[in-house]
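Okay, thanks everyone, let's get going. I'd like to walk you through one model today, and I'll start with the rings.

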Amino acid sequence: MDTEKTVSIKRGQRIQSLRKKMGISRAAFSELTGMSANTLKSLELGSREITPQKALLYSNVFSNLSVSLGEDAYETSFDYLYHGKKPESPELSINDSDDKRIQDEINFFIANPSYILLEVQDDLMSPFYNPGDVVAGKKVINKKQFQLYQGRVCIIESASGENFLRRIIKADNRKVTTYILNHNHQKGGVAEEIEAQYIAQTVRHWHLSELVRI
């Protein structure tokens with residue numbers, strides 16, 4: 001099993017490798033992320049640990065700079081930079097009769113590390129979001145921007161890595177107070193507080209629950 005030091009070194013190597021692959025100097029990357037070149041060097045050498053929040057920030061910076069990495073696009077993802085693994089893509093498929101355009105849209109969001117897709121698993125957000133529907137949103141990791149999404153339906157990733165679809169009613173740094181839309185549910189009207197790693201306002205909603213799935 002890898003030691004914490006080995007894990008830090010491997011994370012640093014992944015950041016350095018991707019930065020070089022994209023032709024970005026340490027100085028340029030430091031300006032983009034707001035950290036010093038010395039800090040970046042320490043992270044790349046593994047002598048300094050990177051936090052999950054910083055890893056997500058760097059993955060977003062890389063994905064925004066990348067025009068196309070082809071099959072290596074996953075390297076700009078948080079899961080790859082922080083955990084060293086290719087993120088699992090949702091296995092979503094629809095009938096040809098439901099139009100290839102929908103599948104192409106879904107594939108576009110799957111391939112873009114700046115976005116997250118979520119398949120609705122329950123009826124907490126019914127009747128607007130039903131089990132089987134799929135939503136996509138662009139990740140926002142700057143906690144100072146969370147308050148801009150008050151009143152919006154967002155995908156929320158908690159500090160423990162769980163994903164929720166909720167409407168945000170209040171944001172205080174990384175603590176977001178949410179509620180569900182289904183007032184017929186036992187949780188209806190009950191506010192929940194979630195420690196958010198990031199949020200993503202829903203920018204696309206596919207009502208796949210109304211389609212024939214294969």
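So, how many aromatic pairs does the count come to? The count comes to four aromatic pairs. Keep in mind that this is a predicted model.

Just as a reminder, we describe a pair of aromatic rings by the distance of the centres and the angle of the planes. Take phenylalanine 108 and phenylalanine 109: their centres are 5.3 Å apart, with 80° between the planes, and the pair is edge-to-face. What about cover? Phenylalanine 108 sits at 49% relative accessibility, so it counts as partly exposed; exposed would need over 50%. Phenylalanine 109 comes out at 11%, so that one counts as buried.

Now stay with phenylalanine 109, please. Why is its pair with tryptophan 206 called edge-to-face? Because the planes are at 75°, and the label applies over 60 degrees. The centres of those two rings are 5.6 Å apart. I like this pair, as it links distant parts of the chain: phenylalanine 109 is in helix H6, residues 100–111, while tryptophan 206 is in strand E6, residues 192–206, and the two are 97 residues apart. Tryptophan 206 has 3% relative accessibility, so it counts as buried. Put together, ring pairs link Phe108, Phe109, Tyr115 and Trp206 into a cluster.

Okay, zooming out. The chain has six helices and six strands, and along the sequence the pattern reads α-α-α-α-α-α-β-β-β-β-β-β. Of its 214 residues, 43% are buried. If you look at contacts between residues at least 6 apart in sequence, 60% of them join residues at least 24 apart. As for the surface, the accessible area is about 11,800 Å², and carbon and sulfur atoms hold 47% of that.

Last stop, for those of you who like pockets: the second largest one. Its volume is about 390 Å³. Which residues are closest to its centre? Those are Gln53, Leu57, Ile141, Asn142 and Lys143, out of 15 that line the pocket. Helix H4, at 52–65, and strand E2, at 134–140, are the elements that give two or more residues to the lining. H4 has the largest share, with six residues. And if you're wondering about chemistry, the lining of this pocket splits into four nonpolar, six polar and five charged residues.

That's what I had, so over to you.

Notes
Residues are numbered from 1 along each chain as its sequence is written. This is a predicted model: local features need pLDDT of at least 70, side-chain atom pairs count only at pLDDT 80 or more; totals for chains, interfaces and linings use all residues. Side-chain values use heavy atoms; hydrogens and water are left out. Helices (H or I, at least four residues) and strands (E, at least two) are DSSP runs, numbered from the N terminus. Buried means under 20% relative accessible area, exposed over 50%, partly exposed in between (1.4 Å probe, protein chains only). Contact means heavy atoms within 4.5 Å. Accessible areas come from the Shrake-Rupley method with a 1.4 Å probe; for residues, only the protein chains shown count as cover. On a 1 Å grid over the protein atoms alone, a cavity is a set of points where a 1.4 Å probe fits but cannot get out, and a pocket is an open set with protein on both sides within 12 Å along at least five of seven lines; lining residues have an atom within 4 Å of a point. Grid points are joined across faces, edges and corners, and a volume is the space filled by probe spheres set on the points. Ala, Val, Leu, Ile, Met, Phe, Trp, Tyr, Cys and Pro count as nonpolar, Asp, Glu, Lys and Arg as charged, and the others, Gly among them, as polar. Rings of Phe, Tyr and Trp (its six-membered ring) pair if their centres lie within 6.5 Å; planes under 30 degrees apart count as stacked, over 60 as edge-to-face and the rest as tilted.
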